[in-house]
Amino acid sequence: MRQASLLLETPVETFQRVFRELKPRTPAPEFSLEYRPYADVNSTIRLEEGHKRVRVRISDLLEGSPPSVLEALAYILLSKLYRKPLPAAYDRRYRSYLNRADLRRKALLIREIRGRKEIRSPKGGVYDLEEIFQELNRRFFQGLLGQPRLGWSRHPSRRMLGHFDPAHNAIIISKVFDRDSVPPFVIDYLVYHEMLHLRYPVEYRSHRRSVHTKEFKQAEKKFPQYRQAIEWLKQL
């Protein structure tokens, strides 16, 4: 019966119902919902007009998703908006759907097509990321890793030290490390860490997403100055 009633609801009606379940004593605001061509599976929610209106924007990748998934997303967004505890079952349901192989492939393609990725030169003032990659590839991967796009970040971030972007096949390292004061083993470790993402891709199991797998962590500790690099980065 519940599944049948979900099928009869419009997306706005789903959000209205979930609101009433979360805040039964509060007059329901007006809901506005639209699907947007985002570069990822993103969704946003915000209050407008003095709490009288709720604007919901959902990635068009989720348009046509099962009603139960939209219901789970409604619980996630509204629980966050009104600071209510989120029932774990809805979080699991939504994450399990996002982790489906077909949706992940579609999301990756959309990110590649729609996403903007400014990748700067790998040659910095002190360190050359291309030279570092090639040397690490020879030392640790028998030269078998295909070289992705390499570049320094636009800003010297101390929060995002480096990342691998599979949609654009790119390794980006924070410009904060392109300095004489940074020991070579630190920049080597950072590039090596991101190279491991090429060797050990993200694993998806039901609603769980494992970025650093057991194999990844074991390989990471094989870096000769692993602990020294970690301790140096903690000081940063």
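## Why these labels fit

Me: Glu48 and Arg46 are said to form a salt bridge; what makes it one?
Reply: Happy to walk through it. In this predicted model, the closest N and O atoms of Glu48 and Arg46 are 2.9 Å apart. The cut-off is 4 Å between a side-chain nitrogen of Lys or Arg and a carboxyl oxygen of Asp or Glu, so the pair qualifies.

Me: Why is Glu48 called buried?
Reply: Glu48 has a relative accessible area of 16%, and buried means under 20%, so the label follows.

Me: And why does Arg46 count as partly exposed?
Reply: Arg46 has 47% relative accessibility. Partly exposed covers what lies between the 20% and 50% limits, so Arg46 belongs there.

Me: Which residues are joined with these two into one network?
Reply: Salt bridges that share partners connect Glu30, Glu34, Arg36, Arg46, Glu48, Arg53, Arg55 and Arg57.

Me: How do you know that Glu30 and Arg53 form a salt bridge, and what does the pair tie together?
Reply: Their N to O distance is 3.2 Å, which is within 4 Å, so the test is met. Glu30 is in strand β1 (residues 30–36) and Arg53 in strand β3 (residues 53–59), so the bridge ties together parts 23 residues apart in sequence.

Me: Are Glu30 and Arg53 buried or partly exposed?
Reply: One of each. Glu30, at 47% relative accessibility, is partly exposed, while Arg53, at 16%, is buried.

Me: What about Arg17 and Glu71: what makes them a salt bridge, and where do they sit?
Reply: The closest N and O atoms of Arg17 and Glu71 are 3.1 Å apart, so this pair also falls within the 4 Å cut-off. The bridge links distant parts of the chain, with Arg17 in helix α2 (residues 11–22) and Glu71 in helix α3 (residues 67–81), 54 residues apart. Both Arg17 and Glu71 are buried. Across the whole structure, the search finds 16 salt bridges.

Me: On to the interior. What makes up the largest nonpolar core?
Reply: There are 30 residues in this core, and Ile173, Phe177, Ile187 and Met195 have the most contacts inside it. At least two residues each come from α6, β4 (149–152), β6 (170–173), α7, α8 and α9 (226–235). The biggest share is from α7, with 9 residues.

Me: Which residues does Met195 touch?
Reply: Leaving out residues up to four places away in sequence, Met195 touches Phe133, Leu136, Asn137, Phe141, Leu145 and Ile171. A second, separate core has 27 residues, among them Phe19, Val69, Ala72 and Leu73.

Me: What lines the second largest pocket?
Reply: This pocket, with a volume of about 210 Å³, has 13 lining residues, and Phe140, Phe141, Arg199, Tyr200 and Ala219 lie nearest its centre. Helices α6 (129–141), α7 (184–199) and α8 (214–220) each supply at least two residues of the lining. By class, the lining has 8 nonpolar, 2 polar and 3 charged residues.

Me: One last residue: why is Thr213 called buried?
Reply: Thr213 has 4% relative accessibility, which is under 20%, so it counts as buried. Thr213 is in the loop between β8 (208–210) and α8. Apart from neighbours within four places in sequence, Thr213 is in contact with Tyr200, Pro201 and Glu203.

Definitions and conventions:
Residues numbered from 1 in each chain as written. Predicted model: local features only at pLDDT ≥ 70, side-chain atom pairs only at ≥ 80, totals over all residues. Heavy atoms only, no water. 1 Å grid on protein atoms, 1.4 Å probe; cavity = no way out; pocket = protein on both sides within 12 Å on 5 of 7 lines; lining within 4 Å. Points joined across faces, edges and corners; volume = space filled by probe spheres on them. Helix = DSSP H or I, 4+ residues; strand = E, 2+ residues; numbered from the N terminus. Nonpolar A, V, L, I, M, F, W, Y, C, P; charged D, E, K, R; others polar. Core = buried A, V, L, I, M, F, W, Y, C linked by side-chain atoms within 4.5 Å. Buried < 20%, exposed > 50% of the residue type's maximum accessible area, 1.4 Å probe, protein only. Contact = heavy atoms within 4.5 Å.
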